[in-house]
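Trainee: I would like to take a close look at a single part of this model and then follow its surroundings outward. Could you walk me through it with care?

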Amino acid sequence: MSSASKMSAAGSHSRLFGSKVEKPYGAWESPITSKAITAGSVSLSALRIIQSKNKEDEDQPLKLYWLEGRPQEGGRVVLVQYAPDSDDPNKSARNAVDVTPPDSNARTRVHEYGGGAVTMGQDSVFYSDFSSQRVFQLDASSSNANAKARAVSPPVENARFRFADGVYDEVNERLLLVREDHTLSDPKDVVNQVVSLRTDEDESHKEESENDRMTVLATGRDFYAAPRLSPDGTQLAYMAWNHPNMPWDATELRVRSMSKEDTDDATDADTSTHTL
């Protein structure tokens, strides 16, 4: 290649790519950012199929729900309902409409990595909101994202109580779920338990304290997961383990009896007394 050709090629390279700059390994700025890669990728998780009943106790059509993680909304997690026939102008390309309010973020910080932020009942949706870690209730019969959510867990400072991985006791109007108590901020002093949380709207309960609305059902282990109620509502199964074990190393599956009265359940909360 002639000298003139080389100079012409160098000029073209300079115009296309700019001047050469030496930088250490890993310091190059790329126009392809992580934000650009993930901006359009919505993650889907926690699919739920719910069948509610009408006033005549007749089964209604099945409803499909799932969680969407939206990077374009700052990582906000939204509960949506599959509604291909909806005329909602905000219906997504996935034929889904938002269920949780636009100012909410359905994420829990239990065990720090979260999971199990939403619990479904036949007629109610319960979710943990990320900012306050309080549990909120929505009417499952409505797919209106502007519907008002009602707080069912007590207001506490600094997200002291965190909730996750619940099941709803329809008959007794209570959630059975994992509660993480951060009253003492040091990680070694955090207390994990299985509790019941009353969700009724009885006017006589408005002045109750947090301890009146929540009852400890299982305590004494470092970690708890997956509380599940038997079909007849008389037994509660759950998993538990202790530090430094991981749940796949040394997990216990325990079962305890349940009653309709939370005060009765509170007298038998020691995990070591529950059937192994």
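Trainee: Is Asp139 buried, partly exposed or exposed, and why does it count as such?

Mentor: The model is a predicted one, and what follows should be read in that light. Asp139 counts as partly exposed, because its relative accessibility is 43%. The residue lies in strand 7, which covers residues 135–139, and on the surface Asp139 gathers with Asp123, Glu170 and Glu173 in a patch of negative charge.

Strand 7 belongs to an open sheet of four strands, with the order 5-6-7-8 and antiparallel pairing. Strand 5 (118–120) and strand 8 (150–151) stand at the edges of this sheet, and each has a single partner strand, so one side of each is left without a neighbour in the sheet. Strand 6, made of residues 124–128, runs antiparallel to strand 7 and is joined to it by five bridges; within this pairing, Val125 has Leu138 of strand 7 as its bridge partner.

Another member of the patch, Glu173, leads to a hairpin. Strand 9 and strand 10 form this hairpin with four residues between the strands, and there Glu173 takes a positive phi near 50°. The pairing of strand 9 with strand 10 (residues 174–181) is antiparallel and extends over seven bridges, with Asp181 in strand 10 as the bridge partner of Phe161. Of the nine residues of strand 9 (residues 161–169), eight are buried, so this strand is largely enclosed by the rest of the structure.

The same hairpin region can be followed through its charged side chains. Arg174 and Asp169 form a salt bridge in which the closest N and O atoms are 3.0 Å apart. Arg174 counts as buried because its relative accessibility is 1%, and Asp169 likewise counts as buried, at 4% relative accessibility. Elsewhere, salt bridges that share partners join Glu68, Arg70, Glu73, Arg76, Arg94 and Asp98 into one network, and the structure as a whole holds 14 salt bridges.

Two contacts give some detail on this network. The side chains of Glu68 and Arg70 meet in a salt bridge at 3.0 Å, N to O, and both Glu68 and Arg70 are buried. Glu73 forms a salt bridge with Arg76, where the closest N and O atoms are 2.9 Å apart; here Glu73 counts as partly exposed because its relative accessibility is 35%, whereas Arg76 counts as buried at 11%. As general background, side chains of opposite charge can pair when their charged atoms come close.

The strands around these residues give the network a setting. Strand 2 (residues 63–70) has six of its eight residues buried, so it is largely enclosed by the rest of the structure. On the one hand, strand 2 pairs with strand 1 (residues 43–50) in the antiparallel sense over six bridges, and Leu64 in strand 2 is the bridge partner of Ile49. On the other hand, strand 2 pairs with strand 3 (residues 76–82), again in the antiparallel sense and over six bridges, and in this pairing Glu68 stands opposite Val78 of strand 3. The hairpin of strand 2 and strand 3 has five residues between the strands, and Gly74 takes a positive phi near 75° in it.

Some backbone features in other parts of the chain also deserve attention. Most residues other than glycine have a negative phi, and most peptide bonds are trans. Asn158, although it is not a glycine, has a positive phi of about 60°; this residue is placed in the loop between strand 8 and strand 9, and it counts as exposed because its relative accessibility is 75%. Ala226, which is found in strand 13 (residues 223–229), also has a positive phi, near 55°, and with a relative accessible area of 22% Ala226 is partly exposed. The peptide bond from His243 to Pro244 is cis, with omega near 10°, and Pro244 is found in the loop between strand 14 (235–241) and strand 15 (252–257).

Notes: Residues are numbered from 1 along each chain as its sequence is written. This is a predicted model: local features need pLDDT of at least 70, side-chain atom pairs count only at pLDDT 80 or more; totals for chains, interfaces and linings use all residues. Side-chain values use heavy atoms; hydrogens and water are left out. Patches are made of residues with over 30% relative accessible area and no salt bridge: like charges are joined within 9 Å, nonpolar side chains (Val, Leu, Ile, Met, Phe, Trp, Tyr) within 5 Å. Accessible areas come from the Shrake-Rupley method with a 1.4 Å probe; for residues, only the protein chains shown count as cover. A salt bridge is a side-chain nitrogen of Lys or Arg within 4 Å of a carboxyl oxygen of Asp or Glu. Lys and Arg count as positive and Asp and Glu as negative; His and the chain ends are not counted. The place of a charge is taken as NZ of Lys, CZ of Arg, CG of Asp or CD of Glu. Helices (H or I, at least four residues) and strands (E, at least two) are DSSP runs, numbered from the N terminus. Buried means under 20% relative accessible area, exposed over 50%, partly exposed in between (1.4 Å probe, protein chains only). Two strands pair if DSSP finds at least two bridges between them.
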